Amino acid sequence: MNALESQLDYPFGETLPERGSAVEVAPGLLWVRMGLPFALDHINLWLLRDQDGGRQGWSIVDSGIDDAATRAAWENVFATKLGGLPVLRVIVTHMHPDHIGCAHWLCERWNVRLWISATDFNVARLATSASAGFGGPLSAAFMAQHGMAADPDAVNKVGARSNYYKNLVPALPLAYRRLLDGAEVAAGSGAARSDWTCHAGYGHAPEHMALHNPAQGVLISGDMVLPRISTNVSVIDIEPEADSLTLYLDSIERMRTIPPDVLVLPSHGRPFKGLHTRIDQLQAHHAERFAEVLEACATAPQTAFELVPVLFKRKLDLHQMTFAMGESIAHCHALWLQGRLERRIDDGIYRFSTA
Ligand SMILES: [Zn+2]
């Protein structure tokens with residue numbers, strides 16, 4: 001555990017649910033953990049004891065990627081953890097493959113509706129049929145323009161990665177029910193039924209929905225607030241002038257309206273308490289990265305690609321490199337759009353220097 005993590009409180013200690021199993025973290029709320037084929041090797045998913053009309057059952061929050069191992073783990077959960085009750089709906093916090101990949105299978109398996117923000121539903125549909133910043137020729141051209149042209153091999157690899165999203169999200173439900181910022185979603189069974197308030201967050205995904213239950217003192221934070229790693233915040237090819245990092249920092253600042261003693265259920269890592277402390281840490285983390293970028297750009301104009309080793313001191317694989325490029329551009333853009341950096345284009349390459 002690092003020094004920052006030790007400022008957080010992990011009420012379940014080292015406990016982790018085994019694959020295909022579940023751990024109860026609050027009354028009627030189960031924690032499920034599925035594998036991922038990335039450096040980030042797991043995702044947390046949640047099951048809410050629920051009812052729909054007179055029908056008793058469960059709501060699923062987030063689905064895992066769609067592969068044989070995830071489907072098998074879900075079947076095991078269904079057989080052993082639901083008390084013989086059905087799944088009543090599938091709620092998805094945002095459109096990234098680890099969250100929405102298996103949703104189409106779950107919705108078909110149980111003949112239930114997907115609940116998600118309108119933006120994420122529609123961008124997910126776009127991403128299954130075209131490039132949406134996850135690799136392919138448009139991503140490659142965008143990253144080349146931000147300095148990756150200095151490494152043609154990396155550009156080629158990004159360009160060749162055109163089926164990344166579709167491989168992990170082969171299909172989507174054809175219809176959905178819309179989650180809106182501030183809307184309340186009732187869940188729970190009988191006297192334990194209570195409202196979850198949707199908190200829209202920007203900068204990580206198009207329109208991420210975290211879910212806060214004030215009565216239970218629980219926040220399903222999705223990827224907006226994670227205890228151990230900082231959330232990826234990228235600028236991608238389909239919105240090349242985006243200010244994703246300012247959107248993200250504004251979004252987590254707004255989460256301070258949620259009480260500090262809330263139990264946070266993040267998509268990666270372990271459930272924790274200390275929401276406001278973690279928001280402080282994330283804001284400080286990005287303030288430090290901004291200072292590093294400004295220092296480098298004061299010495300000489302920099303491309304986002306040249307700034308990657310300034311921001312990320314460890315060795316990166318291709319998957320991590322695409323995230324790192326997006327993050328580097330996001331830091332440059334926040335400073336550029338605040339007027340603290342200037343952006344120039346020379347020979348088709350963007351460079352940032354102190355204003
Ligand atoms: Zn995500």
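The following legends describe close-up views of a predicted model.

**Figure 1. Coordination of the zinc ion by four protein residues.** The protein donors are H94 through NE2, H96 through ND1, H204 through NE2 and D223 through OD, at 2.1 to 2.2 Å from the zinc ion. The angles among the 4 donor atoms run from 90 to 174 degrees, and the site is irregular. An upper value of 174 degrees lies outside the tetrahedral range, in which all angles fall between 85 and 135 degrees.

**Figure 2. Sequence spacing of the zinc donors.** Along the chain, the donors of the zinc ion are arranged as H-x1-H-x107-H-x18-D. H94 belongs to the loop between β5 (87-91) and α2 (97-100), whereas H204 belongs to the loop between β9 (194-201) and β10 (208-213); the pair therefore ties together parts that are 110 residues apart in sequence. Both H94 and H204 are buried.

**Figure 3. Packing of helix α10 against helix α11.** Two packed helices are described by the angle between their axes and the distance between the axes. Helix α10 (residues 304-311) and helix α11 (residues 318-337) pack at about 100 degrees, and their axes are 9 Å apart. The two helices α10 and α11 are therefore roughly perpendicular to each other. On the α10 side, the contact is made by A304, F305, L307, V308 and L311; these residues meet M321, A324, M325, S328, I329, H331 and C332 of α11. Classified by residue type, this contact of α10 with α11 comprises 10 nonpolar and 2 polar residues, with no charged residues.

**Figure 4. Positive phi values at D62 and D347.** Most residues other than glycine have a negative phi. D62, however, has a positive phi near 70 degrees. D62 is located in the loop between β4 (55-61) and α1 (68-81), and its relative accessibility of 0% places it in the buried class. D347 also has a positive phi, near 50 degrees. D347 is found in the loop between β14 (341-346) and β15 (349-354). With a relative accessible area of 81%, D347 is exposed, whereas D62 is buried.

**Figure 5. Surroundings of L180.** L180 occupies the loop between β7 (176-179) and β8 (184-187). Its relative accessibility of 39% classes L180 as partly exposed. Apart from neighbours within four places in sequence, L180 is in contact with C198 and M209. The C-alpha atoms of L180 and A200 are separated by 7.3 Å, although these residues are 20 residues apart along the chain.

Terms used: Residues are numbered from 1 along each chain as its sequence is written. This is a predicted model: local features need pLDDT of at least 70, side-chain atom pairs count only at pLDDT 80 or more; totals for chains, interfaces and linings use all residues. Side-chain values use heavy atoms; hydrogens and water are left out. Donors are N, O and S atoms within 2.8 Å of the metal (3.2 Å for Na, K and Ca); water is not among the atoms, so sites may look incomplete. Four donors count as tetrahedral if all angles lie between 85 and 135 degrees; four count as square planar and six as octahedral if opposite donors are over 155 degrees apart and all others between 65 and 115; anything else is irregular. Helices (H or I, at least four residues) and strands (E, at least two) are DSSP runs, numbered from the N terminus. Buried means under 20% relative accessible area, exposed over 50%, partly exposed in between (1.4 Å probe, protein chains only). Axes are lines fitted to C-alpha atoms, for helices over the stretch in contact, and angles run from 0 to 180 degrees between N-to-C directions. Angles under 35 degrees count as roughly parallel, over 145 as roughly antiparallel, 65 to 115 as roughly perpendicular and the rest as oblique. Contact means heavy atoms within 4.5 Å. Ala, Val, Leu, Ile, Met, Phe, Trp, Tyr, Cys and Pro count as nonpolar, Asp, Glu, Lys and Arg as charged, and the others, Gly among them, as polar.
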